[in-house]
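Hi,

Here is the structure I promised to pass on to you. Have a look at it first, and then read on for my notes.

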Amino acid sequence: MQLATIFLGFVVFGLSENIKGPAIPRIQFDFMLNESQLGTLLSLNALGYLIACSFTNYLTRIWGIKVVSITAFGSMMLSGVLIYFSRSYPMFSASYFLMYIGNGMLEIALAILGARIFVKNTGTMMNLTHGFYGLSSTIAPLIATGLMSITVFGHTLDWRGMYLVMLSLSILPILIAMRSSFPGDDVPHEDRIPLKKLMRDPVLWFMVLILSFGVVSELAVGGWLVNFLEKAYGWDTVKASGMLSIFFLCFALARLLLGPLTDKIGFTFSLFIFSGSSAICTFLAIVGGERLAFLFAAAGIGIAMIYPTVMAFIAKRYPHGSDTAITFTVTLMGIGSVIGNYLIGGVIEVVKLLFGAETEIGLLRGLQAGYGFIGLCAAIAALFSFILYRMLKKRHELI
């Protein structure tokens with residue numbers, strides 16, 4: 001039942017995170033937002049995710065992981081109802097904000113639960129469970145595109161109805177979690193490593209940097225790839241959403257199949273190899289134009305491995321402080337996500353102005369620059385991974 005909760009939890013998490021790709025152009029049109037305002041919207045929602053990360057570990061110690069998990073799923077269901085009834089931009093922003101509060105709580109809860117359960121073959125199991133996130137992310141854009149065109153009782157669902165339907169799926173893991181028992185809530189507080197001690201370890205700060213840049217690159221694809229392909233290359237929504245789905249298919253297969261490789265070659269070296277390959281694919285896709293657009297999808301292979309590998313590293317390095325270390329790392333990662341989404345929108349607008357805000361070439365160069373920033377984030381994650389690898393190798397502390 002614990003595994004079912006984790007697997008289904010990641011399925012719902014992947015759906016809620018990645019149905020936004022096809023919906024964003026319609027949200028942008030309905031509320032008349034430019035790219036900079038769109039980046040700000042995504043950043044504000046990442047802020048909700050960040051806030052949730054900051055208090056979830058505390059609630060876990062008070063309520064236990066079971067109640068926190070159910071609360072997270074419940075928040076996501078409620079946000080789906082509110083999004084459906086939102087007709088003003090402030091109402092929509094608040095509803096979207098609540099969804100990311102639920103997402104943040106859920107990510108911390110699932111990461112803590114995984115760290116407690118997977119004490120053997122940690123890299124393999126972490127990647128396997130996160131593979132379910134990738135699988136649901138693969139089908140999310142296609143399902144979202146299909147649902148938005150469905151008519152029920154003479155009313156087209158559109159993006160609001162699509163969010164309502166998809167987020168209502170949270171009821172499934174809630175029912176399973178209610179029947180489950182969860183380990184680790186009875187660990188004495190005196191046996192846990194305090195946060196101040198963890199913060200003195202430079203290795204944890206490297207994990208924060210690697211995860212922050214890696215996840216900005218990962219999450220930005222869900223928000224910007226469809227928009228990029230539609231506006232830069234004139235693709236229709238179905239074709240662009242298909243490419244996003246291929247990205248997440250690569251993403252899911254990498255996590256499902258390459259997890260044992262991280263256990264074999266080491267977590268730190270894996271982070272360097274995979275984040276570097278994602279950066280190379282992204283840059284080649286931008287430079288190569290439409291004929292190399294498939295490399296946007298191939299970048300998913302490398303970027304997929306960063307988050308679960310970092311979680312596996314933390315679970316192994318801090319066996320008695322994984323709850324605190326995970327919360328600290330993911331909270332600071334949330335700050336990076338807020339800044340990253342804002343910068344992508346800002347970079348697009350600045351470059352558009354340089355080449356002509358209202359011209360076709362201005363829009364193309366702006367979108368290329370924005371997507372180049374996504375690739376740069378993956379490259380920086382690779383650089384920090386290499387530095388950490390060298391440092392741990394000298395100390396004989398490689399994991």
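Which residues lie nearest the centre of the second largest pocket? They are S212, F213, V216, G336 and I339, out of a lining of 13 residues. Please keep in mind as you read that this is a predicted model.

**The pocket**

The volume of this second largest pocket comes to about 160 Å³. Three helices, α10 (202–233), α15 (322–355) and α16 (360–395), each give at least two residues to its lining. The largest share is that of α15, with 6 residues. As for chemistry, the lining of the second largest pocket has 10 nonpolar residues, 3 polar ones and no charged ones.

**Aromatic rings**

You may enjoy the rings here: the structure contains 25 aromatic pairs. One of them joins W205 and F328 in an edge-to-face arrangement, with 5.2 Å from centre to centre and 90° between the planes. This pair connects distant parts of the chain, since W205 sits in helix α10 and F328 in helix α15, 123 residues apart. Are the two partners buried or exposed? W205 is partly exposed, at 35% relative accessibility, whereas F328 has 11% and counts as buried because that value is under 20%.

Elsewhere, ring pairs tie F31, Y89, F92, Y96, Y100, W159 and Y163 together into a cluster. There is also a charge over a ring: K239 lies over the face of W235, 4.4 Å from the ring centre.

**Two backbone angles to look at**

Which residues other than glycine have a positive phi? Two that I noted are M32, with a phi of about 55°, and D158, with a phi near 55°. Their settings are as follows. M32 is found in the loop between α2 (20–31) and α3 (35–63), while D158 belongs to helix α7 (residues 158–167). M32 has a relative accessible area of 71%, so this residue is classed as exposed. For D158 the relative accessible area is 27%, and therefore D158 is classed as partly exposed.

If you open the model in your viewer, you could begin with the lining residues S212, F213, V216, G336 and I339, go on to the W205 and F328 pair, and finish with M32 and D158.

Happy to talk it through whenever suits you.

Best wishes

How values were computed: Residues numbered from 1 in each chain as written. Predicted model: local features only at pLDDT ≥ 70, side-chain atom pairs only at ≥ 80, totals over all residues. Heavy atoms only, no water. Helix = DSSP H or I, 4+ residues; strand = E, 2+ residues; numbered from the N terminus. Buried < 20%, exposed > 50% of the residue type's maximum accessible area, 1.4 Å probe, protein only. 1 Å grid on protein atoms, 1.4 Å probe; cavity = no way out; pocket = protein on both sides within 12 Å on 5 of 7 lines; lining within 4 Å. Points joined across faces, edges and corners; volume = space filled by probe spheres on them. Nonpolar A, V, L, I, M, F, W, Y, C, P; charged D, E, K, R; others polar. Phe/Tyr/Trp six-rings, centres within 6.5 Å; stacked < 30°, edge-to-face > 60°. Lys NZ or Arg CZ within 6 Å of the ring centre and 35° of its normal.
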